[in-house]
Amino acid sequence: MTASIHSRALVIDSHCDTILKVLSSRGAYRLGDLHATEHVDIPRLRQGGIDVQFFAAYIGPEYKPDRAVKRTLQLLDSLHQELDANQDTLKLILSTEDITSAQSNDQVGVLISIEGGEALEGDLACLRMYHRMGVRAVGLTWNERNQIAEGVGECRSGGGLTDFGVSVVAEMNRLGMIVDVSHMSVPGYFDVLAVSQHPIIASHSNAYAVCSHVRNLTDRQIRALAENGGVMGINFAPQFLVDHGRADLDDVVRHIDYIVDLLGNSQHVGLGGDLDGIGKTPAGLEDASKYPALTDALLLRGYGEQDLINILGQNHLRVIRTVLG
Ligand SMILES: [Zn+2]
């Protein structure tokens, strides 16, 4: 029963940092091999029944602001090399049609995102070139302030989107790229919602009411995201799941429960595990192969089939279809 729902459902995860591991390993960590370390590779994505994985190009603080474009290109090149090397098993997702095609060819879909608007170095030309390279989502900030907005780690001025930030959101709407607000400060978050013509995502953010970490979203933020038609992907980082101590699978379920109860429906929460971006993982969700255990836990909790389908991937698919076409 469980296995059939999990394998039948389209499963989409909206954030991992694996490509940084691939790049840093200088050839030692390749996506095609099954590893005993780290969290994500193709064999484990398959075991986990993950149909579409967002791969984020994360630009570390040491590359900001002056070397952000070069660093982004290195990360994108690394990901494209993996796509080339695994053409039978991976499919670059540029539109909804590519998801359908990946499904029928038994391939894992790869949706490329960028984590940190520093990658634009203040120029929409860079955004357009990234789109041409296959990037379909951009997290406007990481924790620091940049030319677009402030991140949660540097929000002393209380500022929202800059004029350039507004133009970035407009250009992303025009190009068909998903705006990602995880890591953004609260004023910037609401500015994006006011400006964006399309649904947005918080690709890897949890509920503040359940765990009071600055990276998590308040009830007001979650309600506004739902009004926008957006989705938040639940992050597996223990420090975003529980206030103290170790986290396990049930803590992930608690965040999902809370958001579903708050909104009265299951249409705005999804998965965004942050695998390979987090040091520790919850007990029971140690790597990408463990996702079916989460479906089991949600079933046990009493979720019906349609709710499971929504949470596992339909919600993300709705945003992808609306924004990418
Ligand atoms: Zn992140």
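Trainee: Why are α11 and α12 called oblique to each other?

Mentor: Their axes make an angle of about 60 degrees. Under 35 degrees counts as roughly parallel, over 145 as roughly antiparallel, 65 to 115 as roughly perpendicular, and the rest as oblique. An angle of about 60 degrees falls into the rest, so α11 and α12 are oblique. Keep in mind that this is a predicted model, where local features need pLDDT of at least 70 and side-chain atom pairs count only at pLDDT 80 or more, while totals for chains, interfaces and linings use all residues. Residues are numbered from 1 along each chain as its sequence is written.

Trainee: What distance goes with the angle for α11 and α12?

Mentor: The axes of α11 and α12 are 10 Å apart. Axes are lines fitted to C-alpha atoms, for helices over the stretch in contact, with angles from 0 to 180 degrees between N-to-C directions. The crossing of this pair is right-handed, meaning that the near helix is turned clockwise from the far one by less than a right angle; anticlockwise would be left-handed.

Trainee: Which residues make the contact of α11 with α12?

Mentor: On α11 they are Leu 249, Asp 250, Val 252, Val 253 and Ile 256, and on α12 they are Ala 293, Leu 294, Ala 297 and Leu 298. Contact here is C-beta atoms, placed from the backbone, within 7 Å. By class that gives eight nonpolar, no polar and one charged residues. Ala, Val, Leu, Ile, Met, Phe, Trp, Tyr, Cys and Pro count as nonpolar, Asp, Glu, Lys and Arg as charged, and the others, Gly among them, as polar.

Trainee: What makes α6 roughly parallel to α7?

Mentor: Helix α6 (residues 124-132) and helix α7 (residues 163-175) pack at about 25 degrees, with their axes 11 Å apart. That angle lands in the roughly parallel class, so the label fits α6 and α7. This crossing is right-handed too. The contact is made by Leu 124, Leu 127, Arg 128 and His 131 of α6 and Ser 167, Val 168, Glu 171 and Leu 175 of α7, or four nonpolar, two polar and two charged residues.

Trainee: How do you know that Asn 216 is buried?

Mentor: Count neighbours: 24 other C-beta atoms lie within 10 Å of Asn 216. A residue is buried at 20 or more within 10 Å, exposed at 12 or fewer, and partly exposed in between, with C-beta atoms placed from the backbone. With 24, Asn 216 therefore counts as buried. Asn 216 sits in the loop between β7 (201-202) and α9 (219-227); helices (H or I, at least four residues) and strands (E, at least two) are DSSP runs, numbered from the N terminus. Beyond four places in sequence, Asn 216 touches Ser 205, Asn 206, Ala 207, Tyr 208, Cys 211 and Phe 240.

Trainee: Why does Arg 215 count as buried?

Mentor: Arg 215 has 21 C-beta neighbours inside 10 Å, so it makes the cut. Arg 215 lies in the loop between β7 and α9. Its contacts beyond four places in sequence are Val 152, His 183, Ser 205 and Phe 240.

Trainee: And why does Asp 106 count as exposed?

Mentor: Asp 106 has 11 C-beta neighbours inside 10 Å, so it is on the exposed side. Phi of Asp 106 is near 55 degrees, a positive value in a residue other than glycine. Asp 276 is another non-glycine with a positive phi, about 65 degrees, but Asp 276 is buried, with 24 other C-beta atoms within 10 Å.

Trainee: How do you know which residues of α9 are buried, and what makes them line one face?

Mentor: The buried ones are Gln 221, Ile 222, Leu 225 and Ala 226. Down the axis of α9 they fall within an arc of 135 degrees, so they line one face of the helix. The arc is that of the directions from the helix axis to the C-beta atoms. The face turned away carries the exposed Arg 220 and Glu 227.

Trainee: What puts the buried residues of α8 on the same side?

Mentor: In α8 the buried residues are Gly 188, Tyr 189, Asp 191 and Val 192. They cover an arc of only 165 degrees around the axis, so they share one side of α8. Their cover includes α7, β6 (178-180) and α9.

Conventions. Contact = placed C-beta atoms within 7 Å.
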